[in-house]
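Student: Please take one strand and show me how it sits among its neighbours. Then move on to the ligand shell.

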Amino acid sequence: MWSESSICKLLGIQYPLIQAGMAGGATTPELVAAVSEAGGLGTLGAAYMKPEAIRSAVRRISELTKRPFAVNLFSVSMQDDWRRQREAERALNAVRERIGLKPGSEADGELRTLHTPDWFREQLTVVLEESVPVLSTAFGLLNEADREALQRRGVRFIAMATTVREALEAERRGADVIVAQGSDAGGHRGTFHLTDHPDGAQVGTFSLVPQVADAVQVPVVAAGGIMDGRGLAAAIMLGAQGVQMGTAFLTCRESGAHPAYQQAITASNEESTVITKVFSGRPARGIRNTFIDMMDESGHKPLPFPSQNTLTGEIRRHAAEMNEPEYMSLWAGQATRLSRSDRTAGELVHSVMKEAERLLKSRKQDA
Ligand SMILES: Cc1cc2nc3c(=O)[nH]c(=O)nc-3n(C[C@H](O)[C@H](O)[C@H](O)COP(=O)(O)O)c2cc1C
């Protein structure tokens with residue numbers, strides 16, 4: 001049967017449906033465990049988490065489910081570049097003034113000392129020590145030693161690619177499964193090298209998935225704009241073995257996304273999102289809001305990742321405390337009109353599977 005696809009066997013799951021690891025707090029242990037309990041693969045978005053916080057979350061997930069789950073990390077340099085900090089502070093001061101925060105620095109005053117921690121090594125150690133069944137990454141791959149360390153412990157590795165070129169590189173460097181992330185997707189573009197595509201690769205899910213599926217031997221999972229059983233059925237028809245869904249899970253009951261963010265998602269539509277670097281320095285798709293408009297109008301070129309992310313953190317946290325979505329990062333894909341806020345993650349998994357099953361069966365009968 002189509003739903004017993006190769007990724008199910010490989011990852012030890014019942015249904016070919018992965019809940020995307022989403023850094024920033026949406027993927028609570030309860031959400032991750034609920035998806036895995038329902039037969040999909042839940043994923044802890046752990047990129048911004050301290051290693052010991054990952055350990056606690058992984059232990060909590062393991063208490064809630066005995067089924068496989070994944071941890072997601074960023075495989076990218078966390079080297080800061082503060083060369084244009086004064087200019088960046090100046091651009092952000094207009095936003096700070098609006099929301100009642102003190103300026104980041106006075107006109108010629110001393111600049112704040114900021115630093116982005118690089119926890120990747122320690123995060124990976126926790127994944128290995130805690131026997132996490134699956135690791136997935138964004139923005140890049142693993143070096144040979146890390147890939148071998150996973151292999152020795154039987155940890156499966158899922159890489160995310162935004163072009164056929166990246167998918168081929170991921171296959172060559174040992175990915176067990178490749179997520180083909182179309183430009184419809186919410187959150188950061190997974191593009192490895194921004195020198196090739198400064199705004200991230202712009203290939204839509206429908207174009208990307210069959211081209212990646214033709215190019216690689218390992219199973220391919222489609223991501224970007226998939227919200228229901230129609231999306232899963234279409235992905236299967238395009239040659240994918242399954243789907244990875246992010247935005248659809250943000251408004252489920254177990255989601256840790258801020259209530260104002262969830263409301264912004266349910267109130268948005270297919271025209272609401274843009275790809276922007278103003279929050280983090282890397283291109284990411286989110287609902288357009290006042291922060292994006294003000295930064296665009298300022299003409300300021302964001303600092304590179306991760307420095308811009310660290311710099312804007314205070315504003316985003318303050319906006320969240322004030323329940324003010326206009327200054328929060330509202331990552332979401334292009335299919336938000338299909339979002340629903342009245343169900344649990346398990347209900348979403350079952351409804352996607354049921355609908356896809358019906359659609360693929362009726363197609364067979366027609367043929
Ligand atoms: C709020 C949010 C945060 C995300 N964070 C991550 C992340 O930390 N790591 C990752 O690999 N992908 C991340 N993504 C991208 C997802 O892996 C996936 O490609 C995307 O959600 C698919 O598109 P959809 O949101 O339309 O379902 C994020 C997506 C969203 C919506």
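Tutor: What follows covers strand β8, its partners and the residues around the ligand. This is a predicted model: local features need pLDDT of at least 70, side-chain atom pairs count only at pLDDT 80 or more, and totals for chains, interfaces and linings use all residues. Residues are numbered from 1 along each chain as its sequence is written.

Strand β8 spans residues 220-223. Strands are DSSP runs of E, at least two residues long, and helices are runs of H or I, at least four; both are numbered from the N terminus. Val220 and Ala222 point one way, Val221 and Ala223 the other. All are buried (20 or more other C-beta atoms within 10 Å of their own, with C-beta atoms placed from the backbone).

β8 pairs with strand β6 (residues 177-181) through four bridges, running parallel; pairing takes at least two DSSP bridges. Val179 stands opposite Val221. Three bridges join β8 to strand β9 (residues 242-245), also parallel. There, Ala222 stands opposite Val243. From β8 the chain passes through helix α9 (residues 229-237) to β9, a right-handed β-α-β crossover (clockwise from the first strand over the helix to the second, with the strands pointing away from the viewer).

Now the ligand. 30 residues surround it, each with its backbone-placed C-beta atom within 6 Å. The closest are Ala138, Gly186, Gly187, Gly246 and Gly333. β7 (187-188), β9 and α10 (247-250) each give two or more residues to this shell. Domain 1 (6-80 + 118-254 + 344-366) and domain 2 (81-114 + 269-333) each supply at least three.

Note on methods: A residue is buried if 20 or more other C-beta atoms lie within 10 Å of its own, exposed if 12 or fewer, and partly exposed in between; C-beta atoms are placed from the backbone. Domain bounds come from an automatic or database domain assignment.
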